[in-house]
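Me: I've got this chain open on my screen and I'd like a close look at one part of it. Could you walk me through that part and then how it sits in the rest?

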Amino acid sequence: MCGRFALTSSSADLRDFFSGLDLEDFPARYNIAPTQPILVVMAGECRERGSNLPDRRAVLVRWGFTPGWVKDPRDFPLLINARAETAIGKASFRAAMRHRRVLIPTSGFYEWHRPSKESGGKPQAYWIRPRRGRVVAFAGLMETWSSADGSEVDTGAILTTSANAGISAIHDRMPVVIKPEDFSRWLDCKAQEPREVVDLMQPAQGDFFEAIPVSDKVNKVANMGPDLQEQVVVERPPEAPAKQRPDHGQLSFF
């Protein structure tokens, strides 16, 4: 799963990364948590030939997906992640997979390695960032929930898939990464049906991310500084499952 992430890249970097994106400046965020606002990128309105309007737009949504058919969100679980393997057919995400696919800009995410109870070890947090480049785009889904009084809340979730060989020693799930050359396909909900973008919902290459052990400061939402990403010493790094093939990439510790 993905329960915390960060977005520390500048708005200029994001404008370059998501070519054609209209975006105002914003502060760096080192500890984005569920129920907080997150930035998502969606397809813009259709442009006329010769128009200089951006073909993508950025909006803020609440991290915690609420399907449109839910009557009271207080009686519905907080859906911060959606499993890529089942999202197309699952009632909660079926409509969003067809009509409201988005990209979620991030500088990386946090994950926890949780030893077995028998070992008596404590969970270890990791800051997981792309090796090359300061920005990465996670696959996401968006839904606008309307209350009985007519008020609306835009909500979103991050799609996850099975972990690659570089992450599996820490956790068995990871966010789906969409490559820049696939942005248009993923966002085009008019021409690209869900079954036609299934190939994009695969684990990233084994060496795409690097994992840095960090302190447990990230556990507290109130902690929001760059010190959350400072390296700490780990006495015994987790070992990758034996079934993983070594030529798919190895976990790196710094």
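The part I'd like to hear about is Phe-5 and the sheet around it: which strand does Phe-5 stand opposite to, and which residues does Phe-5 touch?

Reply: Happy to, with one caution up front: this is a predicted model, so read everything below as computed from it.

Let's start with the strand. β1 covers residues 4–7, and it pairs with β3 in the antiparallel sense over two bridges. Phe-5 stands opposite Ile-32 in β3. That pairing is one piece of an open sheet of five strands, in the order β3-β1-β8-β9-β13, with antiparallel pairing. At the edges you'll find β3 (29–32) and β13 (209–214), each of which pairs on one side only. Neighbouring strands here are turned by 25° against each other on average, ignoring direction. As general background, strands of a sheet pair through backbone hydrogen bonds, either parallel or antiparallel.

Now the contacts. Leaving out residues up to four places away in sequence, Phe-5 touches Tyr-30, Asn-31 and Ile-32, then Ile-38 and Trp-63. The list goes on with Ile-104, Pro-105, Thr-106, Gly-108, Phe-109 and Tyr-110, and it ends with Ile-158. 

Next, the core. Phe-5 belongs to the largest nonpolar core, which has 57 residues. Along with Phe-18, Leu-103, Leu-159, Trp-186 and Phe-209, Phe-5 is among the residues with the most contacts inside that core. Strand β10 (residues 136–146) gives the largest share of this core, six residues. There is also a second, separate core of 10 residues, including Tyr-30, Trp-112, Trp-127 and Ile-212. Notice Tyr-30: it is one of the residues in that second core, yet it is also on the contact list of Phe-5.

Zooming out, the chain has three helices and 13 strands. Of its 254 residues, 46% count as buried. Among contacts between residues at least 6 apart in sequence, 68% join residues at least 24 apart. The chain exposes about 13500 Å², and carbon and sulfur atoms supply 50% of that.

Since you may care about charges too, here they are. In general, side chains of opposite charge can pair when their charged atoms come close. This structure holds nine salt bridges. One of them joins Asp-199 and Arg-185 at 2.8 Å, N to O. Asp-199 lies in the loop between α3 (183–187) and β13, while Arg-185 is in helix α3, so this pair ties together parts that are 14 residues apart in sequence. Both partners are partly exposed: Asp-199 is at 44% relative accessibility, and Arg-185 has a relative accessible area of 26%.

Another salt bridge links Arg-195 and Glu-193, with the closest N and O atoms 3.2 Å apart. Here Arg-195 is exposed, at 60%, whereas Glu-193 is partly exposed, at 32%. Salt bridges that share partners also join Arg-129, Arg-131 and Glu-210 into one network.

Finally, Asp-72 forms a salt bridge with Arg-74, where the closest N and O atoms are 2.9 Å apart. Asp-72 counts as partly exposed because its relative accessibility is 22%, and Arg-74 counts as exposed at 74%.

Conventions
Residues are numbered from 1 along each chain as its sequence is written. This is a predicted model: local features need pLDDT of at least 70, side-chain atom pairs count only at pLDDT 80 or more; totals for chains, interfaces and linings use all residues. Side-chain values use heavy atoms; hydrogens and water are left out. A nonpolar core is a set of buried Ala, Val, Leu, Ile, Met, Phe, Trp, Tyr and Cys residues joined through side-chain atoms within 4.5 Å. Buried means under 20% relative accessible area, exposed over 50%, partly exposed in between (1.4 Å probe, protein chains only). Helices (H or I, at least four residues) and strands (E, at least two) are DSSP runs, numbered from the N terminus. Contact means heavy atoms within 4.5 Å. Accessible areas come from the Shrake-Rupley method with a 1.4 Å probe; for residues, only the protein chains shown count as cover. Two strands pair if DSSP finds at least two bridges between them. Axes are lines fitted to C-alpha atoms, for helices over the stretch in contact, and angles run from 0 to 180 degrees between N-to-C directions. A salt bridge is a side-chain nitrogen of Lys or Arg within 4 Å of a carboxyl oxygen of Asp or Glu.
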